[in-house]
Amino acid sequence: MDFDDESRLTEITLAADGRVFVFGLSREVLDILRDLCPPEHPLRAILEDQRISGTPMS
Amino acid sequence: MTRCSTALVPDSERLARARAQYERCLLCEHRCAVNRASGEHGACKAGTEVRLFRHRIEYGEEPEIVPSHLFYVSGCDLRCAFCIAGANAFDPRRGRVLDQAEFDAAVAWGRERGVRTLQWVGGEPTIHLPAILELMTCSPHLPPVVWKSDFFGTPEAFSLLTGSVDVFVADFKFGNDDCAKRLAGIGDYMSIVGRNLQLAAERADLIVRHLLLPGHWECCFRPIVNWMKRNLPGAKFSIRDGYLPMWQAARHAELRRPLPPGIGSAARQLAIAAGLNLIY
């Protein structure tokens with residue numbers, strides 16, 4: 001299976017006020033964000049859900 | 001454990017009805033009635049081929065559907081100035097034709113990586129509903145299917161979809177007709193989307209998603225919360241606060257900047273105070 005470049009891209013925008021905008025949140029990027037201990041509620045919910053379900057790494 | 005879609009495989013009669021839409025297309029509320037099979041183009045400019053411009057596994061969505069294998073198909077019936085997919089969404093010639101072999105290979109790739117759901121996104125998948133139904137029909141044992149849509153489809157389109165998707169994700173973008181007209185180029189927004197939200201809620205699991213737009217708290221967000229409270233108070237409601245100015249957003253003064261910090265928290269507090277079933 002071939003993948004074009006866009007399928008492999010995650011786009012991260014770091015705002016001057018410290019907010020992080022992520023488009024294309026892969027498992028690997030999720031693991032990086034986990035280490036950053038994000039304060040935002042939605043991302044914490046995803047991290048908690050994935051910790052429980054133990055989805056395999058891609 | 002591998003989970004499979006509980007949706008029904010459409011029968012040949014439904015597939016035939018779907019395919020007939022390409023000869024007189026009434027899939028979305030533009031109701032162009034053009035013969036796409038013979039090369040006529042309606043508002044979306046799509047033909048009869050569904051083209052994939054991206055597919056990937058996404059974790060940044062509602063926890064109950066991630067990890068989700070997203071299939072991005074090109075072509076859309078709306079022209080949202082702030083669209084994150086931009087030209088890929090609006091030009092149905094983008095990407096490559098998604099044939100059965102490629103679809104099956106992609107599904108297998110996602111399954112090997114433990115995806116929870118398979119999700120059709122765009123652009124707008126509804127304009128390609130006949131081709132997508134055929135792809136799914138020939139590919140048994142799919143993961144649960146998520147249909148992420150602008151909900152500008154017709155009742156005919158929702159009738160064709162009924163039973164073939166497990167979860168509808170509705171982008172409830174605007175809280176009034178004027179903003180929809182100005183920013184997405186469509187009329188009669190509230191009555192069409194409102195009708196479709198209620199149709200979907202009766203037929204499958206439904207997640208109503210709203211992307212907060214800067215400067216649209218009173219005209220869009222608050223009316224949407226009020227609409228949900230009146231009409232679908234128990235439906236799953238999801239607030240997205242990751243807006244960034246993209247595509248042609250700069251043409252509209254209020255859309256030129258990201259959201260102010262804290263607006264997402266304030267929106268969630270309002271939704272909770274209204275008694276909505278906030279899931280994200």
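In the predicted model, the largest nonpolar core comprises 93 residues, of which Phe168(B), Ala170(B) and Val208(B) touch the most other members. The surroundings of Ala170(B) illustrate this packing: leaving aside residues up to four places away in sequence, Ala170(B) touches Ser149(B), Phe151(B), Leu197(B), Ala200(B), Leu206(B), Val208(B) and Arg209(B). Val208(B) thus appears both among the core members with the most contacts and among the residues that Ala170(B) touches.

These positions can be placed within the strands of chain B. Strand β6(B) spans residues 167–171 and runs parallel to strand β7(B), residues 205–211, to which it is joined by five bridges. Within this pair, Val169(B) has Ile207(B) of β7(B) as its bridge partner. In general, strands of a sheet pair through backbone hydrogen bonds, either parallel or antiparallel. In a regular strand, side chains alternate between the two faces of the sheet.

The β6–β7 pair belongs to an open sheet of nine strands in chain B, ordered β3-β1-β2-β4-β5-β6-β7-β8-β9, with mixed pairing. The edges are occupied by β3(B), residues 96–97, and β9(B), residues 277–278; each has a single partner strand, so one side of each is left without a neighbour in the sheet.

Chain B as a whole contains nine helices and nine strands. Its radius of gyration is 18 Å, close to the 19 Å given by the globule rule for 280 residues, so chain B is as compact as a globular protein of that length. Along the principal axes, the C-alpha atoms of chain B fill a box of roughly 45 × 45 × 30 Å. Of the 280 residues in chain B, 51% are buried. Among contacts in chain B between residues at least 6 apart in sequence, 72% join residues at least 24 apart.

Helix α4(B), residues 129–137, is mostly covered, with seven of its nine residues buried. The buried residues of this helix are Leu129(B), Pro130(B), Ala131(B), Ile132(B), Leu133(B), Leu135(B) and Met136(B). Their cover includes three helices of chain B, namely α1 (12–20), α3 (100–112) and α5 (155–161), together with the strands β4 (117–121) and β5 (145–149).

The loop between α5 and β6 of chain B contains Ser164(B). This residue is buried, with 21 other C-beta atoms within 10 Å; the cut-off for burial is 20 or more. Ser164(B) and Cys83(B) are 81 residues apart along the chain, and their C-alpha atoms are separated by 27 Å.

Chain A has three helices and two strands, which follow the order α-β-β-α-α from the N terminus on. Buried residues account for 9% of the 58 residues in chain A. Strands β1(A), residues 11–14, and β2(A), residues 20–23, pair in the antiparallel sense over four bridges. Along this pair, Glu11(A) has Phe23(A) as its bridge partner, while Ile12(A) stands opposite Val22(A). The two strands form a hairpin with five residues between them, and Gly18(A) in the turn has a positive phi of about 100 degrees.

Between the two chains, 23 residues of chain A are in contact with 22 residues of chain B. On the side of chain A that touches chain B, at least two residues are supplied by each of α1 (5–8), β2, α2 (27–35) and α3 (41–53) of chain A. The largest share, five residues, comes from α3(A). By class, this side of chain A has eleven nonpolar, seven polar and five charged residues. Strand β2(A) therefore takes part both in the hairpin, where it pairs with β1(A), and in the side of chain A that touches chain B.

As to confidence, the predictor gives the complex an ipTM of 0.72 and a pTM of 0.91. Chain B has an average pLDDT of 94, and 97% of the residues score at least 70.

Key: Residues numbered from 1 in each chain as written. Chains lettered and ligands numbered in written order. Predicted model: local features only at pLDDT ≥ 70, side-chain atom pairs only at ≥ 80, totals over all residues. pLDDT = per-residue confidence, 0-100. Pairing = 2+ DSSP bridges. Contact = placed C-beta atoms within 7 Å. Nonpolar A, V, L, I, M, F, W, Y, C, P; charged D, E, K, R; others polar. Rg over C-alpha atoms; globule rule 2.2 N^0.38 Å. Buried ≥ 20, exposed ≤ 12 C-beta atoms within 10 Å, placed from the backbone. Core = buried A, V, L, I, M, F, W, Y, C linked by C-beta atoms within 7 Å.
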